[in-house]
Amino acid sequence: SRNAAASRFGWGARVPLASRVLPSSPSPNQNKALAFSALNLDVPNLLLVDAHPARYGKGIVLQLRELEGEKAALDFKDSRASIRRIDEVNVLEEPVKRRINKTEFRPNEVKFIKISAGK
């Protein structure tokens with residue numbers, strides 16, 4: 001909606017999320033995708049506020065916020081990354097819910113999700 005779009009634009013302009021560009025390898029098939037996203041975070045009323053390396057263990061911690069005052073759900077089952085486990089954590093990275101495949105947000109809720117890498 002309009003509030004979510006305005007919030008995304010504001011965050012993107014003020015605090016752009018860092019991304020990593022990896023050079024492509026020489027390949028006979030030139031029709032491969034030029035972009036890749038390991039996680040599908042395409043939920044219209046959720047904003048990825050921050051992503052940083054985990055303080056403990058290998059992985060990253062995502063801070064997500066619901067923007068529209070409505071319920072939202074984020075499903076990790078379709079991720080294309082090599083993920084060992086996903087936990088909901090608090091701001092200190094202490095587990096709140098372990099080994100989740102999906103999380104639901106209450107209106108205006110903020111959550112921290114720790115994604116541990118590897119197999």
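## Strand pairing, core and turns in a predicted model

Within strand β7 (110-117), K111 is the bridge partner of L64. That bridge belongs to the antiparallel pairing of β2 with β7, which are joined by seven bridges; strands here are DSSP runs of type E of at least two residues and helices are runs of type H or I of at least four, numbered from the N terminus, and two strands count as paired if DSSP finds at least two bridges between them.

The coordinates come from a predicted model, in which local features need pLDDT of at least 70 and side-chain atom pairs count only at pLDDT 80 or more, while totals for chains, interfaces and linings use all residues. Residues are numbered from 1 along each chain as its sequence is written, and side-chain values use heavy atoms, with hydrogens and water left out. The protein chain averages a pLDDT of 80, and 70% of the residues score at least 70, where pLDDT is the predictor's confidence in each residue, from 0 to 100. Among the elements of the chain, β5 has the highest mean pLDDT (95), whereas helix α1 (residues 2-14) has the lowest (70). Where pLDDT is low, the predicted coordinates should not be read in detail.

The strands β1-β2-β7-β4-β5, in that order, make up an open sheet of five strands with antiparallel pairing. At its edges stand β1 (46-53) and β5, each with a single partner strand, so one side of each is left without a neighbour in the sheet. On average, neighbouring strands of this sheet are turned by 40° against each other, direction ignored, with axes taken as lines fitted to C-alpha atoms and angles running from 0 to 180 degrees between N-to-C directions.

Strand β4 also runs antiparallel to β7, to which six bridges join it, and within this pairing A117 of β7 is the bridge partner of I83. β4 is largely enclosed by the rest of the structure, because five of its seven residues are buried; buried means under 20% relative accessible area and exposed over 50%, with partly exposed in between (1.4 Å probe, protein chains only). β4 and β5 pair in the antiparallel sense over two bridges, and V89 has P95 in β5 as its bridge partner.

The largest nonpolar core has 13 residues, and I86, F76 and I113 are among those with the most contacts inside it. Such a core is a set of buried Ala, Val, Leu, Ile, Met, Phe, Trp, Tyr and Cys residues joined through side-chain atoms within 4.5 Å. I86 is in contact (heavy atoms within 4.5 Å) with F76, R98, R99, I100, I113, K114 and I115, leaving aside its neighbours within four places in sequence. S116 is in strand β7 and touches K58, G59, I83, R84 and R85, not counting residues up to four places away in sequence.

Three residues can be set side by side by place and accessibility.

| Residue | Place | Relative accessible area |
|---|---|---|
| E93 | loop between β4 (83-89) and β5 (95-97) | 9%, buried |
| N108 | loop between β6 (102-105) and β7 (110-117) | 52%, exposed |
| S116 | strand β7 | 4%, buried |

Most residues other than glycine have a negative phi. E93, although not a glycine, has a positive phi of about 70°, and it lies in the hairpin of β4 and β5, which has five residues between the strands. N108 is likewise not a glycine, yet has a positive phi of about 65°.
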